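Hi everyone, thanks for making time this morning. Could you bring the model up on your screens before I start talking?

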There are 2 protein chains.
Amino acid sequence: MDNAQLLKGILEGCVLAVIEKGETYGYEILGELEKAGLEDIGEGTLYPVLTRLDKNKLIQCRRAKSPLGPIRKYYSITAEGTEYLEDFRERYSRISKSADILLYDNSSETEENKNANS
Amino acid sequence: MDNAQLLKGILEGCVLAVIEKGETYGYEILGELEKAGLEDIGEGTLYPVLTRLDKNKLIQCRRAKSPLGPIRKYYSITAEGTEYLEDFRERYSRISKSADILLYDNSSETEENKNANS
DNA sequence: GATTGCTACTTTGTTATGTCAAGTAGCTTG
DNA sequence: CAAGCTACTTGACATAACAAAGTAGCAATC
């Protein structure tokens, strides 16, 4: 129902990770997030994230015309951003490990529970 | 560094999951969280969560004396809470799956990347 | 018997971040 | 020219974690 809180903090890292794969712009990132399963991210959610990442020097911006619409703002990751993302992955991994233990009580099995793998 | 945002929403589910395993009280829950790796959860963080869960009828409260301190408030999960937790697990699973895809680019491998196992 | 230290819960103010809603604007097509 | 897609902006709002401080019961030590 309300995934807002669950998404907090996670979104930032995900967006940064998308940009890490190569220079891209907001609208396209929105598509990437959707493809990965984050379907209800609105523009009003994403763009502030980009602004923030930019302000914090984790990504940098370049304006360029779009072949089919208004100007695009292309973002690429900075060295600082790469470093931050690395740290983020570690923090996320640690927390989700704890959550797995608490939510699925992984006492004997390790990776069994979270497999809803198609 | 600042795991506050990453924890948002997750904590609630974790606390509920601990209570699901059996009637318990705040101070003990704090210990369970710590054991699972969530080491820096303060009392000022946990207790409001319990209050909220109680107010939302996801858990219920019973006061009882402690053998070695002030009165304890024992919490147990309600039917509504069980249902909520089930839904939570599903939502969490879906989001963390998306995050895994985005953060670790699981295109061919499935569980390789997130294994920093011992 | 006062201090220290552990257990146990409360409260208040702060901050970060996602969300909604509305808006601006370029371009294409009917 | 109106509709519809692309593309970004802005402002008001809600939620939840956190730090810091406080209140209290009880036990052991000095």
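I'll go through the two DNA strands, then the core, and then a few individual residues.

One thing to keep in mind throughout is that this is a predicted model.

Let's begin with DNA strand D. There are 27 residues around this strand, and those that come nearest are A:Glu43, A:Tyr47, A:Ser66, A:Arg72 and A:Lys73. Which part of the strand do the protein chains meet, sugar and phosphate or bases? Of the strand D atoms within 4 Å of the protein, 70% belong to sugar or phosphate, and bases make up the rest. If you sort the residues of this surface by class, you get 13 nonpolar, seven polar and seven charged.

Both chains build that surface. Chain A gives at least two residues from each of helix H3 (26-36), helix H4 (43-55) and strand S3 (69-77), and chain B does so from each of helix H1 (4-7), helix H2 (10-20) and helix H4 (43-55).

Now for some polar contacts on strand D. The side chain of A:Gln5 has an N or O atom 3.4 Å from a sugar or linking oxygen. A:Lys8 goes to a base instead, with a polar side-chain atom 3.2 Å from a base oxygen. From chain B, a backbone N or O atom of B:Gly9 sits 3.4 Å from a phosphate oxygen.

On to DNA strand C. Here 26 residues surround the strand, and A:Lys8, B:Glu43, B:Tyr47, B:Arg72 and B:Lys73 come nearest. Sugar or phosphate accounts for 71% of the strand C atoms within 4 Å of the protein, and bases for the rest. By class, this surface has 11 nonpolar, eight polar and seven charged residues.

You'll recognise A:Lys8, whose side chain places an N or O atom 2.5 Å from a base oxygen of strand C. The side chain of A:Arg52 has an N or O atom 3.3 Å from a phosphate oxygen of this strand, and a backbone N or O atom of B:Lys73 is 2.5 Å from a phosphate oxygen. Two or more residues come from each of helix H1 (4-7), helix H2 (10-20), H4 and S3 of chain A, and likewise from helix H3 (26-36), H4 and strand S3 (69-77) of chain B.

Let's move away from the DNA and into the core. In soluble globular proteins, nonpolar side chains tend to be buried together. In this model the largest nonpolar core has 64 residues, and A:Val15, A:Leu33, B:Val15 and B:Leu33 have the most contacts inside it. Take A:Leu33: beyond its neighbours within four places in sequence, its contacts include A:Leu11, A:Val18, A:Ile41 and, from the other chain, B:Leu102.

Next, a backbone detail. Most residues other than glycine have a negative phi. A:Lys57 has a positive phi, near 65 degrees, and B:Lys57 likewise has a positive value near 65 degrees. A:Lys57 is in the loop between H4 and strand S2 (59-66) of chain A, and counts as exposed because its relative accessibility is 54%.

A:Ser96 is another story: this residue belongs to helix H5 (residues 79-104) of chain A. Is A:Ser96 buried or exposed? With a relative accessible area of 7%, A:Ser96 is buried. A polar atom of its side chain lies 3.3 Å from the backbone oxygen of A:Ser93.

Last, the cysteines. A:Cys61 is partly exposed at 35% relative accessibility, and B:Cys61 is partly exposed at 34%. How many disulfides are there over all chains? Zero, from a search of the whole structure.

Technical notes:
Residues are numbered from 1 along each chain as its sequence is written. Chains are lettered from A and ligands numbered from 1 in the order in which they are written. This is a predicted model: local features need pLDDT of at least 70, side-chain atom pairs count only at pLDDT 80 or more; totals for chains, interfaces and linings use all residues. Side-chain values use heavy atoms; hydrogens and water are left out. A disulfide is a pair of cysteine sulfur atoms within 2.5 Å. Buried means under 20% relative accessible area, exposed over 50%, partly exposed in between (1.4 Å probe, protein chains only). A residue is near a molecule or strand if one of its heavy atoms lies within 4 Å of it. A polar contact is a pair of N or O atoms within 3.5 Å; within protein, one must be able to donate a hydrogen and the other to accept it, and residues adjacent in sequence count only if both atoms are side-chain atoms. Helices (H or I, at least four residues) and strands (E, at least two) are DSSP runs, numbered from the N terminus. Ala, Val, Leu, Ile, Met, Phe, Trp, Tyr, Cys and Pro count as nonpolar, Asp, Glu, Lys and Arg as charged, and the others, Gly among them, as polar. A nonpolar core is a set of buried Ala, Val, Leu, Ile, Met, Phe, Trp, Tyr and Cys residues joined through side-chain atoms within 4.5 Å. Contact means heavy atoms within 4.5 Å.
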